[in-house]
Amino acid sequence: MTCEELLQYLSDYIDQNLDEELTAAAQEHLATCHNCRVVLDTTQQTISLFREQGKRTIPTLRRQRLFDQLQDAFLQAEADC
Amino acid sequence: MYSEQELVTTLRRRDPDAFTFLFESYSDKVYRLAAGLLEDDMEAEGVVQESFLRLFERLDRFEGRAKISTWLYRVAYNAAMDRLRQRRPTMMLDFAADDDDIPAPVILADWRDVPERLLTEAEIKAELDKAITALPEKHKAVFILREIEGLSTQETADITGISISAAKVRLHRARLFLRERLAESLAQHA
């Protein structure tokens, strides 16, 4: 496997979507290619950082206001029935 | 805890507990998608409101072909994209085909331990925000849904109205783009 091919298959490799043959070829390439190893490791780190830190939430005060507004609308619909 | 069908049934009866469950389960999810696309908290809250109100209107006709979460995400995605188009009428240009070459990685320093070793949580978040802000919208939605919300490729494709293969390509490009952006800012510390 070449560096270009490894790059093309990188996401499938990370997601374990490659068949056995391609997985073996990727592992063989990664064992000897420092640059591709770094790209793989830092891509996995990128994904981990976003998974761990990317879960923002509605700010608390505005969340309560939004809850109240939507609850009113939800219950109002019953009154309108 | 409700099953999908129980939730729809109890929502139709306008049960306040069902509403609370719905809001607690899905408001932040929908908000994250909208805020990620719009980069504006108030507009993102507007999208949450619009999505929930649309669901309330449709409850009696909700057939359960899609999960409630998928349905809400899809309405929120479309609402956010409409708002973006209003802001930038030429945005369609960004939705060109996905068949151009994947750019080769440029920065090859290993910065994996930099965030934990040298940055505070707030600094890491700022770097992630900066990186994702630069990501094209068509890649951003897929990345948020797959990586941050943890949805399947099928669900992501359903929500964004693209094929599974397009969702995979966009996710791949997003990952490499974000890796390169983080490398630009973090590799100098490595």
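Arg14(B) is partly exposed in this predicted model, because 17 other C-beta atoms lie within 10 Å of its own, and a residue counts as buried at 20 or more and as exposed at 12 or fewer. Its place in chain B is the loop between helix 1 (4-12) and helix 2. The backbone of Arg14(B) has a phi near 55 degrees, which is a positive value in a residue other than glycine.

Glu39(B) invites a parallel reading. This residue lies in the loop between helix 2 and helix 3 of chain B. Glu39(B) is not a glycine, yet its phi is positive, at about 50 degrees. With 14 other C-beta atoms within 10 Å, Glu39(B) is partly exposed.

Helix 2 of chain B, which follows the loop of Arg14(B) and precedes the loop of Glu39(B), spans residues 16-38. Tyr26(B) lies in this helix. Tyr26(B) has 20 other C-beta atoms within 10 Å, and is therefore buried, since the class begins at 20. Once its neighbours within four places in sequence are left aside, Tyr26(B) is in contact with Ser69(B) and Leu72(B). The C-alpha atom of Tyr26(B) is separated by 12 Å from that of Arg74(B), a residue 48 places away along the chain.

Helix 2 of chain B also packs against its successor in the sequence, helix 3 (residues 41-58), and the two axes come within 8 Å. They cross at roughly 135 degrees, so helix 2 of chain B is oblique to helix 3 of chain B. The crossing of these two helices is right-handed. On the helix 2 side, the contact is made by Ser27(B), Val30(B), Tyr31(B), Ala34(B), Ala35(B) and Leu38(B). Helix 3 of chain B answers with Asp41(B), Glu43(B), Ala44(B), Glu45(B), Val47(B), Val48(B) and Ser51(B). By class, the residues of this contact are eight nonpolar, two polar and three charged.

These helices belong to a chain with nine helices and zero strands. Along the sequence, the pattern of chain B reads α-α-α-α-α-α-α-α-α. Its C-alpha atoms fill a box of roughly 60 × 35 × 30 Å along the principal axes. Of the 190 residues in chain B, 38% are buried. Contacts between residues at least 6 apart in sequence can be sorted by separation: in chain B, 70% of them join residues at least 24 apart.

The domain assignment of chain B gives domain 1 (4-89) and domain 2 (93-189). The C-alpha centres of the two domains of chain B lie 24 Å apart. Their contact takes eleven residues from domain 1 and 13 residues from domain 2. On the side of domain 1 of chain B that touches domain 2, helix 2 and helix 4 (68-87) each supply at least two residues. The residues of that side divide into five nonpolar, two polar and four charged.

The remaining topic is the contact between the chains. It takes 33 residues from chain A and 37 residues from chain B. On chain A, the elements that give two or more residues to the side touching chain B are helix 1 (3-14), helix 3 (34-53) and helix 4 (60-80). Helix 3 of chain A gives the most to this side, with 13 residues. The classes on the side of chain A that touches chain B are 15 nonpolar, twelve polar and six charged residues.

One helix pair shows how helix 3 of chain A meets the other chain. Its axis and that of helix 6 (residues 121-133) of chain B come within 11 Å and cross at roughly 110 degrees. Helix 3 of chain A is therefore roughly perpendicular to helix 6 of chain B, because that class covers angles of 65 to 115 degrees. The crossing of helix 3 of chain A and helix 6 of chain B is left-handed. Leu49(A), Phe50(A) and Gln53(A) in helix 3 of chain A meet three residues of helix 6 of chain B, namely Ile124(B), Lys125(B) and Leu128(B). The residues of this contact are four nonpolar, one polar and one charged.

How values were computed:
Residues are numbered from 1 along each chain as its sequence is written. Chains are lettered from A and ligands numbered from 1 in the order in which they are written. This is a predicted model: local features need pLDDT of at least 70, side-chain atom pairs count only at pLDDT 80 or more; totals for chains, interfaces and linings use all residues. Two residues are in contact if their C-beta atoms, placed from the backbone, lie within 7 Å. Helices (H or I, at least four residues) and strands (E, at least two) are DSSP runs, numbered from the N terminus. Ala, Val, Leu, Ile, Met, Phe, Trp, Tyr, Cys and Pro count as nonpolar, Asp, Glu, Lys and Arg as charged, and the others, Gly among them, as polar. Axes are lines fitted to C-alpha atoms, for helices over the stretch in contact, and angles run from 0 to 180 degrees between N-to-C directions. Angles under 35 degrees count as roughly parallel, over 145 as roughly antiparallel, 65 to 115 as roughly perpendicular and the rest as oblique. A crossing is left-handed if the near helix is turned anticlockwise from the far one by less than a right angle, and right-handed if clockwise. Domain bounds come from an automatic or database domain assignment.
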